[in-house]
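Q: Please take one part of this structure and look at it closely for a reader who has not met it before. Please set that part within the whole, and explain each term where it first appears.

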Amino acid sequence: MNTIAYLGWRSVLNRRGSVLLTVLSIALSVAMLIGVERLRSDARDGFARTVSGTDLIVGARGGQVQLLLYSVFHIGDASNNLSWQSVQHIAALPQVDWVVPLSLGDTHLGYRVVGTTAEYFARFRHGDDRALVFAAGRAFAPAPEGIFETVIGAELAARHGYQVGAKIVLSHGSGGFADHGDKPFTVVGILAPSGTPVDRSVLVSLEGIEAIHVDWQGGAPIPGVSIGAEHVRKFDLTPKTVTAAMVGLKNRVTVFRVQRQINTFADEPLTAILPGATLQELWSLVGVAERALLAVAAVVVVVGLAGLVAVMIAGLGERRRELAILRALGAGPRHVLGLLMLESVTLAVVGILCGLLLVHGLIWMSGGWLTTTYGIYLGIGWPSLSEWGLLGAVLAASVLASLVPAYRAYRYAVADGMTIRM
C-alpha cells in the first residue's frame with residue numbers, strides 16, 4: 001500500500017498543473033455548496049428571530065401570517081385596528097410585563113412610518129436577543145416635547161443622506177399622495193443596521209401620529225381648517241386606536257393562557273400570535289428560493305466532480321506506458337485500480353479541505369460587511385450537521401466518480417501500453 005501511495009504521489013507531481021486546476025475546481029464547488037448552506041441556515045435563523053424579545057403580537061381579528069406581515073415586516077395593511085381601551089386592558093393583565101403599541105398607515109418616500117412609544121427602543125429585540133443600537137443621536141422624547149421628533153432606520157438614512165437634525169415630511173397613507181407638509185418632523189436619531197424591517201422604518205411617537213391628523217378627517221384635510229404645529233399640543237393626543245401591540249410577559253410559561261384570554265376577549269375581536277411560531281410558518285411559504293439555490297450549488301459540485309473524472313480519463317492516454325510498466329513489474333489489475341481510486345479520492349479530499357478553508361476565509365473577510373450592510377450574520381465555526389452531511393455526500397460522490405477512470409485503467413492489458421499508436 002505504501003508503494004502504491006508513493007507511486008500515486010509521484011504521478012500527481014508529474015501532472016501538477018492539471019491536478020491543481022482539478023483541486024481548484026472542486027474547492028470552488030465545495031465552497032459554493034457550503035457557503036450557500038451556511039447562508040441558508042443563518043438567514044433562516046435570523047429570519048426566525050426577526051423579533052426575538054416579544055412573547056405575543058396582538059391585532060384585530062384576522063389571519064396570523066397577515067398580522068405578522070403588517071406588524072413586523074410592514075407589508076400590507078390591517079383590515080381593522082384595535083382600540084386603545086383594549087391595549088390598556090391587555091397591559092393590565094397580571095401576567096403582562098410590558099406592552100408596546102404600534103400605529104401604522106403613513107409613509108415617507110415609500111418607507112413605512114411606525115407610531116410607537118419610546119419604550120420600543122428598549123423592548124425590541126432581534127437575533128440572539130440583540131437590542132437596537134443608535135448609530136447617531138437618541139430616541140424621541142416623550143410628549144409633548146418629542147411630538148415632532150423622529151428616529152429613522154439605517155437604510156433610509158443611507159439612501160437619502162439624512163443626518164441628525166434633518167427635517168422630513170410624512171405622507172398620508174401607504175400611497176403617499178397627500179403630505180403633512182405643515183407639520184415636519186426633526187430627525188433626532190439614526191439606528192444602526194439590524195437586518196430587520198426597522199432599517200426601513202420611520203419611528204415617531206403615537207402623539208405625533210395623532211398630531212398630524214388633528215385637522216384631517218376621513219383621510220383628507222378638513223376644508224377651511226388648518227391647525228399649525230405650534231397649536232396641536234393643546235389638544236388631547238391620546239390615540240383612539242392602534243394597529244397592533246407587542247406584548248412581553250413576566251413568565252413565558254403563561255404565554256398560551258394569555259393568548260387564549262386575548263383571543264376570547266369579549267369586548268373586541270382580537271388575535272394574539274406567537275411571533276416565533278408564525279415566523280416559521282411564514283418561512284415555510286417563502287423558503288422555496290433557498291432550496292432552489294442549494295440545488296444549483298449541488299449541480300455545481302457535480303460539474304466539479306465531472307471535471308475530476310474528465311481529467312483522470314484524459315490523463316490515462318498519457319499514462320498508458322506508465323501503467324503498462326507497472327503491470328510488467330508485477331502490479332496486478334487490482335493494484336492499478338487502487339492507485340487510480342486513491343489518486344482521485346485524494347484530489348477530492350484536498351479539494352474539500354481547500355473549499356472549507358476558502359468559505360471560512362470569505363466569511364471572515366466579508367462577515368462584518370454583510371452584517372452592517374444586509375444584517376446577515378454568518379458565524380465561523382465547525383460545520384453543522386447538515387454541512388457534514390453535504391461534505392459526506394460530496395466525498396461519497398467522489399469515490400463513485402473515481403471508479404470510472406479506475407475501471408478503465410483496470411481493463412488495460414500490458415500490451416495496450418507497449419503498442420505505439422500512429
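**A close look at Gln261 and the charged pairs**

A: Setting aside residues up to four places away in sequence, Gln261 touches Leu93 and Gln95 (a contact means heavy atoms within 4.5 Å). The model is predicted, so local features need pLDDT of at least 70 and side-chain atom pairs pLDDT 80 or more, whereas totals for chains, interfaces and linings use all residues. Residues are numbered from 1 along each chain as its sequence is written, and side-chain values use heavy atoms, without hydrogens and water.

Gln261 belongs to helix H8, which covers residues 255-263 (helices, H or I of at least four residues, and strands, E of at least two, are DSSP runs numbered from the N terminus). With a relative accessible area of 33%, Gln261 is partly exposed (buried is under 20%, exposed over 50%, partly exposed in between, with a 1.4 Å probe and protein chains only). Ala272 stands eleven residues from Gln261 in sequence, and the distance between their C-alpha atoms is 9.2 Å.

The setting of Gln261 is a protein of 422 residues, of which 46% are buried. Its secondary structure comprises 14 helices and 18 strands. Among the contacts with a separation of 6 or more, 77% are between residues 24 or more positions apart.

From this residue one may turn to the charged side chains. Side chains of opposite charge can pair when their charged atoms come close. The whole structure contains nine salt bridges (a side-chain nitrogen of Lys or Arg within 4 Å of a carboxyl oxygen of Asp or Glu).

One of these salt bridges joins the side chains of Arg125 and Asp129, with a distance of 3.6 Å from N to O. Of the two partners, Arg125 is partly exposed at 22% relative accessibility, while Asp129 is exposed at 51%.

Another salt bridge is formed by Glu149 and Arg138, whose closest N and O atoms are 3.0 Å apart. Glu149 is part of strand E8 (residues 149-152), and Arg138 sits in the loop between strand E7 (134-137) and E8; the pair therefore ties together parts that are eleven residues apart in sequence. Here Glu149 is buried, because its relative accessible area is 13%, whereas Arg138, at 40% relative accessibility, is partly exposed.

The pair of Arg159 and Glu155 also forms a salt bridge, and its closest N and O atoms lie 3.8 Å apart. Both residues are in helix H6 (residues 154-160); they are four residues apart there, so about one helical turn separates them. Arg159 counts as exposed, with 59% relative accessibility, and Glu155 counts as partly exposed, with a relative accessible area of 27%. This pair does not stand alone: through salt bridges that share partners, Glu155, Arg159 and Arg200 are joined into one network.

To return to the starting point, Gln261 in helix H8 is a partly exposed residue that touches Leu93 and Gln95, residues up to four places away in sequence not being counted. Among the charged pairs described after it, Arg159 and Glu155 lie within helix H6, whereas Glu149 and Arg138 connect strand E8 with the loop between E7 and E8.
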